[in-house]
Amino acid sequence: GILEMGLCVRVTRSFLASFLQALSSLHPECEFIFQLEEEERGCLQYVEEQGNRSTEGCRPFWDAVVCWPQAAVGESVQRACPAIFSLFKNKTGSVSRNCTSAGWSRPSPPYHIACSVDDDIPEQSYFTTVKLIYTVGYSVSLVVLTAAVFILLLFRRLRCARNFIHIQLFITFILKAMAVFIRDATLFSNDDTNHCTLSTFTCKASVVFCHYCVMANFFWLLVEALYLNSLLLSSFYHSRQCLWGFSLLGWGVPVLFIVLWIGSRLYFEDTECWDINEDSPYWWIIKGPIVVSITVNFMLFMNIIRILIQKLNPRLIQFNNSSQYRRLTKSTLLLIPLFGTHYMFFNFLPDYFNVNLRLFIELCMGSFQGLLVALLYCFLNQEVQKEVHMQWLRWQVRSYGVVSPAAKGSQMDTPF
């Protein structure tokens, strides 16, 4: 658990903290925490007002969950579960205490039973599993992407406009993975951190860096789509100025929107750690361009599929060759991770629509997107494989003075 809710019932406290923390990035419910704190202040004020009155019976007190009133000996008082528990169940139960000569009895039934908290423990396990999966996914992607960038920079023959754009996209995936790790380490590393009131320069900087890396990633996916469309529609030479334009779009445009968003948060909504964007109109300064880039990418994706169909079947007759189907299917599947087309699934849905499914698709599947892109456009690329193989043969010649028959055979068998 990460939220410190001040509940005296440890099981209830730990679960609520973990659940709210897991949802904090997509569906923050800090208003419930603030509501509980407001009820506590009201109860303590009531206790103070009752302090000078009769001391007979059981005195009012706040047990960190419910406010109990003044009661006479032998009286039984019943209280409904706090409104915060309605977040987890459609209906909540109630808890009662008896006023005895020795004071208040223990709550009956206990909070974790009366308020049905234990029934939701599997939800906590689910979010813990999601965090584990995306941590593994980003870690593996980070290693593979770093190796891919090194390979594309190492060999001179691989330095071209297409691979330049691939490298920039790989770097955005690397930065995105690093940003997620930095954000988790800053916001979620301490169990005693009150996520709803945390407001430091470090946590805000980590959130800003994470948002920038995500925006840059989407814009470089857009650059990939624009570049591929330009290759299919025309054969003009992509000059250095063209690459500078792509770089400005991929790296510069996100800076503009991030600066605007930072200014809006500083002057109009400087609350918490800037990671809570529920009902915030300023969030569209970041979300809007991302939604537009995803939409444009999807249209470019459909246009490329149309062009591929025409190129595979120029006479526009019905396919009668299964190899053409395989080529088109392969081309389509290769483009999906490159364009991030899977993001269209939730593009126009509310942020809090089916949180569990969104967490799985956007965090779990998204964490492996960099790995898939690096494999498809570097390690499984025939041009890259050929260059690496030729470099291996040159190294054998320099080391041993002659190429082994096995190496020659492997060169002939390689499907270039």
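A residue counts as buried when its relative accessible area is under 20%, as exposed when that area is over 50%, and as partly exposed in between. These words are used in the legends below, which all describe a predicted model.

**Figure 1. The whole chain, with 13 helices and 5 strands in its secondary structure.** Of the 416 residues of this predicted chain, 45% count as buried. The accessible surface comes to about 21,700 Å², and 62% of that surface belongs to carbon and sulfur atoms. Among the contacts in the chain with a separation of 6 or more, 66% are accounted for by residues 24 or more positions apart.

**Figure 2. Segments that the UniProt record annotates as "transmembrane region".** The unreviewed UniProt entry places this feature at residues 132-155, 167-185, 205-230, 242-262, 282-308, 328-345 and 357-380. In the model, residues 132-155 are 96% helix and 0% strand, and the C-alpha atoms at the two ends of this span lie 36 Å apart. Residues 242-262 are 100% helix and 0% strand, with 30 Å between the end C-alpha atoms.

**Figure 3. The largest nonpolar core, with 56 residues.** The residues with the most contacts inside this core are Leu-152, Phe-170, Trp-261, Ile-286, Leu-335, Phe-339 and Cys-378. Two or more residues are given to this core by each of several helices, namely H4 (121-154), H5 (161-187), H6 (201-233), H7 (240-268), H8 (284-312), H9 (322-339) and H11 (369-379). Helix H6 gives the most to this core, with 14 residues.

**Figure 4. Phe-339 and the residues that Phe-339 touches.** When residues up to four places away in sequence are not counted, Phe-339 touches Leu-221, Glu-224, Ala-225, Leu-228, Asn-297, Leu-300, Phe-301 and Ile-304. Apart from the core that includes Phe-339 lies another core, which has 13 residues, among them Val-65, Val-66, Ala-71 and Ala-114.

**Figure 5. A nonpolar surface patch of about 380 Å².** The patch is made by Leu-132, Ile-133, Val-136, Val-140 and Phe-368. One of these residues, Val-140, lies in helix H4. Val-140 has a relative accessible area of 34%, and therefore counts as partly exposed.

**Figure 6. Val-95, a residue of strand E4 (residues 94-100).** Val-95 counts as buried because its relative accessible area is 1%. Leaving aside neighbours within four places in sequence, Val-95 is in contact with Trp-68, Val-77, Gln-78, Arg-79, Pro-107, Ser-108, Pro-109, Tyr-111 and Ala-114. Val-95 and Arg-79 are 16 residues apart along the chain, and their C-alpha atoms are separated by 5.3 Å.

**Figure 7. A salt bridge between Asp-63 and Arg-97.** Side chains of opposite charge can pair when their charged atoms come close. In the pair shown here, the closest N and O atoms of Asp-63 and Arg-97 are 3.0 Å apart. The two residues are 34 residues apart and link distant parts of the chain, with Asp-63 in the loop between strand E1 (61-62) and strand E2 (67-68), and Arg-97 in strand E4. Asp-63 counts as buried because its relative accessibility is 6%, and Arg-97 is likewise buried, with a relative accessible area of 9%.

**Figure 8. Salt bridges of Asp-270 with Lys-204 and of Glu-269 with Arg-265.** A search of the whole structure finds 5 salt bridges. The side chains of Asp-270 and Lys-204 meet at 2.7 Å, N to O. This pair links distant parts of the chain, 66 residues apart, with Asp-270 in the loop between H7 and H8 and Lys-204 in helix H6. Lys-204 has a relative accessible area of 13% and so counts as buried, whereas Asp-270, at 39% relative accessibility, counts as partly exposed. Between the side chains of Glu-269 and Arg-265 the distance is 3.6 Å, N to O, and both Glu-269 and Arg-265 are buried.

**Figure 9. Val-73, in the loop between E2 and strand E3 (76-80).** Val-73 counts as exposed because its relative accessible area is 54%. Not counting residues up to four places away in sequence, Val-73 touches Gly-57, Cys-99, Thr-100 and Ser-101. The C-alpha atoms of Val-73 and Gly-103 are separated by 8.2 Å, and these two residues are 30 residues apart along the chain.

Definitions and conventions. Residues are numbered from 1 along each chain as its sequence is written. This is a predicted model: local features need pLDDT of at least 70, side-chain atom pairs count only at pLDDT 80 or more; totals for chains, interfaces and linings use all residues. Side-chain values use heavy atoms; hydrogens and water are left out. UniProt positions are given in the numbering used here, feature names are shortened, and annotations may be inferred rather than shown by experiment. Helices (H or I, at least four residues) and strands (E, at least two) are DSSP runs, numbered from the N terminus. A nonpolar core is a set of buried Ala, Val, Leu, Ile, Met, Phe, Trp, Tyr and Cys residues joined through side-chain atoms within 4.5 Å. Buried means under 20% relative accessible area, exposed over 50%, partly exposed in between (1.4 Å probe, protein chains only). Contact means heavy atoms within 4.5 Å. Patches are made of residues with over 30% relative accessible area and no salt bridge: like charges are joined within 9 Å, nonpolar side chains (Val, Leu, Ile, Met, Phe, Trp, Tyr) within 5 Å. Accessible areas come from the Shrake-Rupley method with a 1.4 Å probe; for residues, only the protein chains shown count as cover. A salt bridge is a side-chain nitrogen of Lys or Arg within 4 Å of a carboxyl oxygen of Asp or Glu.
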